[in-house]
Amino acid sequence: MHRQLIYVLVFIFSLSTVTLLWPVNDSQCNSEAFLASDIQKFQVQATKVVVQPWLGEHNVYGIFMVPDKYKQAPFFVLTVKGFGHECSKPFGYRQKYDDISAEPGTHLVRDYMRTRTALRLMLQGLYWQINDKQNWTLTYPQHQDK
């Protein structure tokens, strides 16, 4: 009985390790190609960052104050120093998130980092780096005024 318990614990530990280290890339666009291109870009730094993956899913994110003209952007790229880049499609915006209110002519975007990615980075000693709002950036294709 004792030996079976050890096998089960080793299996669970191994499965957890593989899950944390397995790369995920289900992005809708090629962030590397976009960032390397000559297309004009607009960047905005995070206003606030929340890094609390121990509370479960959707507890690692940045809040960004973005000009209203970017509401219809086809995509944006989240860059976090130490993590890399991830392309996302806009999925909603608000005027208030947490204790942050949008200024006139802007809206707020909350973009998430995967919980398991944040946990992996924390295990690598990068907690303070991903918890620094200066290390979070959203990059949009430059809006063309008509």
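In this predicted model, Asn59 is in contact with Val50, Val51, Gln52 and Pro53, once its neighbours within four places in sequence are left aside. The residue itself belongs to the loop that runs between β1 (41–51) and β2 (60–67). Asn59 has a relative accessible area of 17%, and because buried residues are those under 20%, Asn59 is counted as buried. A polar contact also involves this residue, since the side chain of Asn59 reaches the backbone oxygen of Gly56 at a distance of 3.2 Å.

With regard to the protein as a whole, 4 helices and 8 strands are present, and their order along the sequence follows the pattern α-α-β-β-β-β-β-β-β-α-α-β. Of the 146 residues, 34% are buried. Among the contacts with a separation of 6 or more, 69% are accounted for by residues that lie 24 or more positions apart. The exposed surface of the protein comes to about 9400 Å², of which carbon and sulfur atoms supply 56%.

Internal space was also examined. The structure holds 1 cavity of 30 Å³ or more, and about 60 Å³ of space lies in the largest cavity. The lining of the largest cavity is formed by Tyr70, Lys71, Phe76, Pro90, Phe91, Gly92, Tyr93, His107, Val109 and Tyr140; by residue class, this lining divides into 7 nonpolar, 2 polar and 1 charged. The charged class includes Lys and the polar class includes Gly, so that Lys71 and Gly92, both part of the lining, fall into the charged and polar groups respectively.

Conventions:
Residues numbered from 1 in each chain as written. Predicted model: local features only at pLDDT ≥ 70, side-chain atom pairs only at ≥ 80, totals over all residues. Heavy atoms only, no water. Helix = DSSP H or I, 4+ residues; strand = E, 2+ residues; numbered from the N terminus. Buried < 20%, exposed > 50% of the residue type's maximum accessible area, 1.4 Å probe, protein only. Polar contact = N/O pair within 3.5 Å; in protein donor to acceptor, adjacent residues only side chain to side chain. Contact = heavy atoms within 4.5 Å. 1 Å grid on protein atoms, 1.4 Å probe; cavity = no way out; pocket = protein on both sides within 12 Å on 5 of 7 lines; lining within 4 Å. Points joined across faces, edges and corners; volume = space filled by probe spheres on them. Areas by Shrake-Rupley, 256 points an atom, 1.4 Å probe, with all protein chains shown as cover.
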